[in-house]
Amino acid sequence: MDFDNFSEKFRSFFLSSGGFFLDGYDLSVISYALFFIKGEMSLNAVQEGLVSASSLMGMAIGAIIFGALSDKLGRKKLMGIDLFFFSIFALLSATSNNFLELFVSRFLLGIGVGGDYPISSTVVSEFSPTRSRGRYLMGSVSMYWIGTLFSAFMNLVFLPTGEQFWRYSFAVGGLLAIPIVVGRISCQSRPGG
């Protein structure tokens, strides 16, 4: 990723900070949907808490695993793989029919998002221009809040579809990750990428 080339700045910023956006989206989209999921799946209080925290549990593990792997294999090599986890398991969580399916898919989704934190934030700090590094890092982290706002918007868009609207909202998160994953992988295959 080349942060010095003006034409590449937006693309590089989008690709490197996309994980923060998806994290904000995922951690926020569940909060409103959980009220409906609880009734549909007849979750007890413990199950509801576990579903709510499953992504966070996965994130802790993902950050450790991908952080260690990125030091050994290189951050740029792993930048597409981490969010590939997110995409697949966000889509699977949208099709979950019971507590176990939802918990496992959201836990594995969390591994991908957690893995992106040590990778993308380090890539932004390493490859952004020294004079504006702070702005790039602040902008990357602020993408979390844009993702949070977008999740509220998606829930409102799909709410009229009925009580299973959350499935569409979850699926959107998985679909949003696809162009980021493709962009990151194609960036690696380019010379100097």
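A cavity here is a set of grid points where a 1.4 Å probe fits but cannot get out. In this predicted model, there are 2 such spaces of 30 Å³ or more. The largest cavity holds about 50 Å³ of space. Its lining is made up of Y25, D26, V29, F86, A90, S93, R106, L109, F170, G173 and G174. Four helices each put at least two residues into that lining: α1 (6-41), α3 (75-94), α4 (99-127) and α6 (165-189).

As for the overall fold, the protein chain has 6 helices and 0 strands. Read from the N terminus, the elements simply go α-α-α-α-α-α. Of the 193 residues in the chain, 48% count as buried. If contacts with a separation of 6 or more are considered, 78% of them come from residues 24 or more positions apart.

Helix α5 (residues 133-158) gives a good look at how such contacts are made. G147 sits in this helix and, at 0% relative accessibility, counts as buried because the cut-off for that label is under 20%. Once its neighbours within four places in sequence are set aside, G147 touches F21, G24 and Y25. The C-alpha atoms of G147 and D26 are separated by 8.0 Å, although the two residues are 121 residues apart along the chain. D26 turns up again in the lining of the largest cavity, and so does Y25.

Further along α5 comes S151, which is buried too, with a relative accessible area of 2%. Leaving out neighbours within four places in sequence, its contacts are Y25, S28 and V29. N155 also has its place in α5, and with a relative accessible area of 5% it is another buried residue. Apart from neighbours within four places in sequence, N155 is in contact with V29, Y32, F165 and S169. V29 is thus on the contact list of S151 and on that of N155, and V29 is also one of the residues lining the largest cavity.

The loop between α1 and α2 is where S42 is found. Its phi is near 50°, a positive value in a residue other than glycine. In contrast to the α5 residues just described, S42 is exposed, with a relative accessible area of 61%. A little further on, at the start of α2, a side-chain oxygen of N44 reaches to within 3.1 Å of the backbone nitrogen of V46.

Helix α2 itself covers residues 45-73, and its length works out as it should: at 1.5 Å a residue, its 29 residues are expected to span 42 Å, and the end C-alpha atoms lie 41 Å apart, which agrees. The helix is not straight throughout, though, as a kink of about 45° is centred on A53. The buried residues of α2 are V51, S54, S55, G58, M59, G62, F66, G67 and S70; among them, S54 and S55 come just after A53 in the chain, where the kink is centred. Just past the end of the helix, G74 takes a positive phi of about 105°.

Conventions. Residues are numbered from 1 along each chain as its sequence is written. This is a predicted model: local features need pLDDT of at least 70, side-chain atom pairs count only at pLDDT 80 or more; totals for chains, interfaces and linings use all residues. Side-chain values use heavy atoms; hydrogens and water are left out. Buried means under 20% relative accessible area, exposed over 50%, partly exposed in between (1.4 Å probe, protein chains only). Contact means heavy atoms within 4.5 Å. The expected span of a helix is 1.5 Å times one less than its number of residues. The bend at a residue is the angle between axes fitted to the seven residues ending there and the seven starting there. A polar contact is a pair of N or O atoms within 3.5 Å; within protein, one must be able to donate a hydrogen and the other to accept it, and residues adjacent in sequence count only if both atoms are side-chain atoms. On a 1 Å grid over the protein atoms alone, a cavity is a set of points where a 1.4 Å probe fits but cannot get out, and a pocket is an open set with protein on both sides within 12 Å along at least five of seven lines; lining residues have an atom within 4 Å of a point. Grid points are joined across faces, edges and corners, and a volume is the space filled by probe spheres set on the points.
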